[in-house]
Amino acid sequence: MTSDPIIQVRGLQKVYQTGDVPVRALRGIDLDVARGEFLAVIGPSGSGKSTLFHILGGLAAPTEGEVIIDGENIQHLSDSQRTELRQHKVGFVFQKYNLLPTLTALDNILIARYLARQNGPLSDDFKRLFDLLGIANRLDHKPRALSGGEQQRVAIARALVNHPAIVLADEPTGNLDTENSTIVLDLLRAINHDHGQTILMITHNPEAAAFADRTVAIRDGRIAVDSPA
Amino acid sequence: MINKLVFENLKHRWVRTLLTAVVIGVQVTLILTIVGLSEGMLQDSARRARGVGAQIWLKPEGSSSFTLASAQVNEKFVAFVSKQPHVDSALGVLIAQIFGFTSMAGVDYDEFVEMTGGVKYLAGGPLRQPDDIIVDQFYQRQNDIKVGQSLKILNHQWHVAGVIEEGKLSHIIVSLSRLQSLTGNAGRVTQIVVKVDNPANTQTAINQLNAVLKGNLHAVSIDELTSLYNVNNLPPLKGFINVITALSIFVGFLVVFLSLYTAVIERTREIGVLKALGAKPMKILDILIRETLLLAVFGCIIGILLSYAAKAVIMWYAPAFLQVVIVPGWWPVAALIAIVGALLGAVYPGLKAARQDPIEALAYD
């Protein structure tokens with residue numbers, strides 16, 4: 001772990017224009033996330049946590065403020081440059097899994113690799129991750145043949161396949177029952193601890209947040225609480 | 001990987017894929033059948049012209065090379081022509097149109113048989129009475145005609161005397177004098193066909209005939225005549241093919257547009273996922289264009305196969321009215337037309353997909 005934060009956010013603001021009315025989703029966020037940290041961002045609906053997720057993931061551009069991901073300032077990146085950021089530096093885990101229904105589990109993982117122009121076979125290290133995730137014998141199945149928990153574990157593998165600087169997980173247990181939620185959270189924690197993977201998890205569930213090293217609470221577009229777990 | 005995604009996408013909605021490809025196929029079939037029909041009709045005319053056994057055809061100056069010309073030639077020219085050097089025999093032919101592209105020919109039957117070198121009777125025998133009629137196997141099959149039955153053509157009752165092999169002048173052959181009286185062309189014929197004493201003398205005979213008949217009739221070799229049986233020499237037919245081609249492009253455009261548009265709407269979330277994973281707009285467009293090309297190629301294969309089926313159906317039910325041939329030379333043209341139409345149809349849905357905002361797309365239910 002190096003001393004430089006892998007995520008540095010300074011004075012981040014995001015204003016959406018809905019009709020004639022500007023909506024200030026983020027009103028000045030300052031946040032550092034250390035390399036290898038597991039951070040939970042909690043907050044009620046409309047607090048701005050999803051907007052923060054989108055900006056850190058390069059899906060949306062900030063209105064004002066500085067955002068540095070793994071040494072790259074994304075404040076003034078073009079759409080194309082933000083796309084490249086998503087290819088190489090960010091892995092996503094979504095609430096609804098978002099696997100492509102026409103592809104097998106393995107192909108869902110490989111397509112992320114293909115889009116990042118990563119060639120060559122999967123490393124043995126990565127293949128061992130399939131065992132850790134419990135999907136080694138489910139890779140030939142399409143999403144419709146997988147349980148919600150299995151789909152989310154495939155999505156985690158997809159998020160990790162390009163060895164991203166950060167994994168962003170948006171309500172990763174939102175669609176899962178308690179048992180599968182615990183499995184997924186345990187896995188995220190294991191990947192964080194064992195592989196030093198930086199993870200930023202958005203959740204509204206304090207129990208899920210408890211799996212993280214640190215919790216940041218957002219309210220009305222500002223950080224309200226920043227506390228270690 | 002991208003090809004796998006494209007293939008799996010098409011396989012996933014296989015009914016839509018199949019229907020889209022079939023519609024593209026139908027447009028290809030339409031083009032190929034129209035072209036095949038045009039070529040087939042012209043080839044049929046050329047084959048029947050060659051089947052007479054003559055080397056030279058004489059027609060009025062400036063008349064059409066095709067069979068629908070009116071009778072403008074005085075029958076006395078037949079005897080005159082037959083006395084010219086290198087002319088072995090001359091036959092006056094009166095062509096009367098009876099339905100659509102189908103016509104009947106009036107000839108002196110004995111001279112006709114002699115010029116052709118003999119006809120093969122599949123049933124019955126030659127013309128013996130003025131109201132006898134000979135039909136070829138195509139006309140017989142199409143109309144389920146039996147020897148001995150009566151047949152009403154040109155508002156006249158004919159007696160079917162025989163059925164001959166196809167490929168001799170016309171699908172229907174009757175006595176010249178009877179057809180002249182029925183059509184009000186007494187003493188006139190449409191054209192004169194000439195057999196020369198030696199095929200090597202054909203050009204010499206043509207030159208001599210054109211010299212002596214100048215201003216009345218024009219002599220052409222059978223090779224020249226049949227070479228004129230070409231779509232390029234028939235501007236209305238060529239125009240018709242162009243209209244069908246344009247319609248096909250439009251149909252291809254519409255069907256692919258609708259198919260891809262619904263696919264893009266349906267796959268909004270998937271497109272959002274691809275974008276979130278790092279797919280650039282051009283990559284999304286690339287995927288949809290590959291899908292379109294695959295659909296178009298699949299449709300072309302279906303279209304070519306369907307054109308064989310269309311040919312079989314037409315040739316079974318209306319061989320005397322319509323002749324269809326398979327024209328492989330038009331396969332790439334029809335394929336290109338289908339692909340162009342399909343790609344045009346893919347432009348808007350493709351751009352819509354490529355421009356989709358990943359956040360909105362991911363939120364789409």
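Q: How many residues does the contact take from chain A and how many from chain B?
A: The model is predicted. Two residues count as touching if their C-beta atoms lie within 7 Å. The contact takes residues from both chains: 21 from chain A and 18 from chain B.

Q: Which helix gives the largest share of the side of chain A that touches chain B?
A: Helix H2 (79-88) and helix H3 (105-115) of chain A each supply at least two residues of that side. The largest share is six residues, and its source is H3(A).

Q: Which class, nonpolar, polar or charged, has 13 residues on the side of chain A that touches chain B?
A: Two residues of this side are charged. Six are polar. The class with 13 is nonpolar.

Q: Which residue in E7(A) is the bridge partner of A:Val90?
A: A:Val90 lies in strand E6 (residues 90-93) of chain A and is buried, pointing the way A:Phe92 does. A:Gly91 and A:Val93 point the other way and are buried too. E6(A) runs parallel to strand E7 (residues 166-170) of chain A, with four bridges joining them. The partner of A:Val90 there is A:Ile166.

Q: Which helix supplies the largest share of the largest nonpolar core?
A: This core has 119 residues, and those with the most contacts inside it are A:Val41, A:Ala157 and B:Ala338. Its largest share, twelve residues, comes from chain B, from helix H2 (residues 14-50).

Q: How many residues are in the second, separate core?
A: Its members include B:Val52, B:Leu58, B:Ile206 and B:Ile222. The count for this second core is 51 residues.

Technical notes:
Residues are numbered from 1 along each chain as its sequence is written. Chains are lettered from A and ligands numbered from 1 in the order in which they are written. This is a predicted model: local features need pLDDT of at least 70, side-chain atom pairs count only at pLDDT 80 or more; totals for chains, interfaces and linings use all residues. A residue is buried if 20 or more other C-beta atoms lie within 10 Å of its own, exposed if 12 or fewer, and partly exposed in between; C-beta atoms are placed from the backbone. Two strands pair if DSSP finds at least two bridges between them. Ala, Val, Leu, Ile, Met, Phe, Trp, Tyr, Cys and Pro count as nonpolar, Asp, Glu, Lys and Arg as charged, and the others, Gly among them, as polar. A nonpolar core is a set of buried Ala, Val, Leu, Ile, Met, Phe, Trp, Tyr and Cys residues joined through C-beta atoms within 7 Å.
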